[in-house]
Amino acid sequence: WRKDPSFPAAAAGLARCLGTSPKRRAEAHRVLNDASALHPSEPGLYVVRAELLLEEGRLEAAREATGQALLLVADDADAPATRKAALAILARTYNSEGIDLGRAGQNDQALFAFKRAADLDPEWAGPIVNMGIAFAQLGRPARARSCYEQALSKDPENSVALYNIALQSEARGDLVAAEAQFRQVLEVDPEYPGARAGLASVLLDRGLPQMAIDTLRIQLDFTPDDVEVWHLLGVAYDQKEQTSEAERHFRRAIELDEGHAASYGQLAALLTRRGQLVEAVGFARRAAELDPA
């Protein structure tokens, strides 16, 4: 770029490299500003600017930059890659907007944003998965399932879609299907958050505590301080009537999270069976304070 300022692709590449570091984004923008001043009709510079702005969460500014790029290639039949890149970034701005709306509990509005993203980039499974999550939040599991399946038709190894389908199968009591689906998630992504805990929960519901223990022990190698894993290990040992081990795991879960109501409740039940009623009452009261239900 320094040697040949007439070569805007060099500036675009340099800005991309600089933009990978949050500390150098301002420098990346300066490179783009300089290049755009020399090459105001170069759409690739606007595409890279949009990428940086999207990474920074400046969605409206990113849309403006993609709009500029699309205007510049509107009459250029030889620029399909640039057009596709601009539309992909535009899709991601709407997907990000949908995620923000969903986190704010505005799932109806989020659906419109995800639909817009899916229309702009029909090959991308991400916004369709997010539509499924929004439908699930709205209490429409059939529509959610349809979205997950549609996403998998585009991306058969989409771990988020696979995980949410597994959760649905577990919720409706189809434990055999849920087990297979959780295992499929782990084949795709061995570190997917919650997948082994979900699998272990299904195995416990199927009366297979040793298989659940084996699964959870693997998870501890990834997340040694995962409260839910320690709690489920306690449940598994309790199923096997190994009460000392169960107690140890419930107490560890409580050490990690003093607000984990389920572990207090399980520990209270275990101590009650042992006849340690005074201590059991204390744990039961704490469980009820945390979760009256």
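Reader: How much area does the protein expose, and what share of it do carbon and sulfur atoms supply?

Author: The protein exposes about 15,300 Å², of which carbon and sulfur atoms supply 51%; accessible areas come from the Shrake-Rupley method with a 1.4 Å probe, and for residues only the protein chains shown count as cover. This is a predicted model, in which local features need pLDDT of at least 70 and side-chain atom pairs count only at pLDDT 80 or more, while totals for chains, interfaces and linings use all residues. Residues are numbered from 1 along each chain as its sequence is written, and side-chain values use heavy atoms, leaving out hydrogens and water.

Reader: Why is the protein called more spread out than a compact globule?

Author: The secondary structure comes to 16 helices and 0 strands (DSSP runs numbered from the N terminus: H or I of at least four residues for helices, E of at least two for strands). The radius of gyration, taken over C-alpha atoms, is 26 Å, well over the 19 Å of the globule rule for 293 residues, so the protein is more spread out than a compact globule. That rule is 2.2 Å times the number of residues to the power 0.38.

Reader: What makes C147 buried, C17 exposed and A269 partly exposed?

Author: Buried means under 20% relative accessible area, exposed over 50%, and partly exposed in between. C147 has 6%, so C147 is buried. C17 has 55% and is therefore exposed. A269 has 34% and therefore counts as partly exposed; the place of A269 is in helix 15 (residues 261-274).

Reader: How many disulfides does a search of the whole structure find?

Author: The search finds 0 disulfides, a disulfide being a pair of cysteine sulfur atoms within 2.5 Å.

Reader: How do you know that the span of helix 6 agrees with expectation, and what covers its buried residues?

Author: The expected span is 1.5 Å times one less than the number of residues. For the 14 residues of helix 6 (residues 107-120) this gives 20 Å, and the end C-alpha atoms are 20 Å apart, so the two agree. The buried residues of helix 6 include L111, F114 and L120. Their cover includes helix 5 (80-103) and helix 7 (126-137), through contact (heavy atoms within 4.5 Å).

Reader: What makes a set of residues a nonpolar core, and which residues have the most contacts inside the largest one?

Author: A nonpolar core is a set of buried Ala, Val, Leu, Ile, Met, Phe, Trp, Tyr and Cys residues joined through side-chain atoms within 4.5 Å. The largest has 57 residues, with the most contacts inside it made by F182, L233 and F283. Helix 13 (residues 227-239) gives the largest share, 8 residues.

Technical notes. Buried means under 20% relative accessible area, exposed over 50%, partly exposed in between (1.4 Å probe, protein chains only).
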